[in-house]
Amino acid sequence: MENYIVSARKYRPMTFDTVVGQSALTTTLKNAIRNGKLAHAYLFCGPRGVGKTTCARIFAKTINCLSPRENGEACNECESCRAFNEQRSYNIHELDAASNNSVDDIRQLIEQVRIPPQIGKYKVFIIDEVHMLSTQAFNAFLKTLEEPPRHAIFILATTEKHKLLATILSRCQIYDFNRMSVDDIVAHLANVAAKEGVTCEPAALNVIAQKADGGMRDALSIFDQVASFCQGNITYQQTIQNLNVLDSDYYFRLTDYFLACGNGDPKAPKVEPSVVSENITNCILTLNEILQKGFDGQHFINGLASHLRNLLVSRDAQTVKLIEASDDIRQRYQQQAQKTTPRFLYNAMRLCNDCDLQYKQSQNKRLLVELTLIEVAQTAQGEDIPGSGRSPKKKIKPIFVAAVPQAAATTAAPAATKLQSPYTPQSAPLRPMGNGGTEGRGGTPTGTVRRIGKSFSIRQSNMPTAKVAEEKVGTAVVTATERLPRNASSILIAWKEFTEQLPQDEAAMAQRMRGIEPILTEDTNTFEVIANNALVEQELNHISQRIEQYINQRIEGGNLGMSIRLRKATDKKLVYDSREQFQIMCKENEALLKLQEAFGLELV
């Protein structure tokens, strides 16, 4: 029985032209050999398995070739080339710095440097994993590395260039090897499979290439492993089974469940709650199937985020090439991407990213992933609006909605109106409570409604305005609010209410309006607004119709007009900045000025 040789050794490149994925570096080395411009020290750095040591050996063989070819390659026929191919050349010395990293090892190498070559022009010393040398060994090597004999050339190889001394880096020509692309690895694996008589599916080779993470040696090792498992017929299903890779079909299936709830467009027709509930259930069951196969939740959520990213780049013909997948999988991405919207994909990717960041700190990791799937599914309904931070609002709505009795729905429908909640001076914007009501700053319930049997129990907070009644019937909300009396206090309340309901992109204007108090004129048909500067006056004029419309809806009788003017010097100012406040305080207490001068204080 012949000795088996793994593919990584059997198909190791022997010439520059057979090196995969490093064409720029091999061209530079061939040109340097052809022009006779060789440096005395080279540094090859890059990830594992990308061809650093292989290129060093080819380079050493080529510069010692007695009859090199015109394209810069070795002839493989002269005595020097045959000695190298048969591993008996005395002109090429390899040192593993991981196990020979002491000063004595470097001193022995320096002694060998002094001996000239017997065949060929150069003695080449390849030091692999050079970053493992000790500091004393580096210092002993510096002088020889800087001024070696004319016949000596050093090639240092490392995966961690940042660990080398600056004095070493300054003495070498540095060549950075890149990770190999998936397409390059797939093409080389297909060539190896043809030579070995192994049949394989393109999708299977693509999975192997992605698993190799840019390293050809790793790709060939995985190829040998899968070929043994499949007995010469490599299929996609057998490959993912052997490598324990999560099938991309799960992600396509989950995305179909999400899109069945909506495509993220708020203007699209709403999906029936029962359909949403069914698809969310399918998402949870699919996650359970994945976890039962032994896959980690974080691995799954990262894969889902990558799938959503691929859908996003598939929407544009120019960016679809960024997907590292086989042609049939890439076509599936393009087909599914046409059903999505950028809004849904952005929000879903942010939710997955947040889940990934919180995964390690979570005590219940499965629950965290399940909640993320529910949030993504509800984001597809187009109702969640991105917040002011990096991520969308995380608000989980009821999944299962009880059927509404027809009689109750018919009764409630005519009374449904859309009015803003009354203004409370000490409250922030209201947020939902667990029992269906709302909660102000400090936890005070306002207008909370609880259903008890067929009746409703309503609790009221201390609100400066009129009565509010709110009733929930199924998913419908019925609200009735009395108008405010026609006086200055009511106009101020309505003014404050308007500032609270301004959208997020007008938050700055809302802040300016909170420092203004409208004044009701004597005829009670107009209220005057005094702007502190021309910019505020211009912005108020821009939204004046909206202000008048809202206040007329809240005040009895309506028909109120608004006049806007700039503040005069004689007008009493309602809001002062920090310097003006300090000046007023100093008029009342002159000791503050002395305190400021004594300590050298400045107003911020």
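## The loop after H15

Where is the place of Thr-341? In this predicted model, Thr-341 sits in the loop that runs between H15 and helix H16, the latter spanning residues 342-358. Thr-341 has a relative accessible area of 16% and is therefore buried, since the cut-off for that term is under 20%. When residues up to four places away in sequence are left aside, Thr-341 touches Asn-263, Gly-264, Asp-265 and Arg-315.

## The two sides of helix H15

Helix H15 covers residues 327-337, and within this helix Ile-329, Arg-330, Tyr-333, Gln-336 and Ala-337 are buried. Viewed down the axis of H15, these buried residues fall within an arc of 125°, so they line one face of the helix.

The cover over the buried residues of H15 includes helix H12 (248-260) and helix H14 (297-314), whereas the face turned away from the buried side carries Asp-327 and Gln-335, which are exposed.

## Nonpolar cores

The largest nonpolar core holds 52 residues, and the members that touch the most other members are Tyr-42, Phe-44, Phe-59, Ile-155, Leu-189, Phe-223 and Ile-234. Helix H10, made up of residues 216-230, supplies the largest share of this core, with 8 residues. Ile-155 has among its contacts Tyr-42, Phe-44 and Phe-59, and also Ala-56, Val-124, Phe-125, Ile-126 and Ile-127, again not counting residues up to four places away in sequence.

Another core, of 42 residues, lies apart from the largest one, and its members include Leu-259, Phe-300, Phe-344 and Cys-352. As a general background, nonpolar side chains tend to be buried together in soluble globular proteins.

How values were computed:
Residues are numbered from 1 along each chain as its sequence is written. This is a predicted model: local features need pLDDT of at least 70, side-chain atom pairs count only at pLDDT 80 or more; totals for chains, interfaces and linings use all residues. Side-chain values use heavy atoms; hydrogens and water are left out. Buried means under 20% relative accessible area, exposed over 50%, partly exposed in between (1.4 Å probe, protein chains only). Helices (H or I, at least four residues) and strands (E, at least two) are DSSP runs, numbered from the N terminus. The arc is that of the directions from the helix axis to the C-beta atoms. Contact means heavy atoms within 4.5 Å. A nonpolar core is a set of buried Ala, Val, Leu, Ile, Met, Phe, Trp, Tyr and Cys residues joined through side-chain atoms within 4.5 Å.
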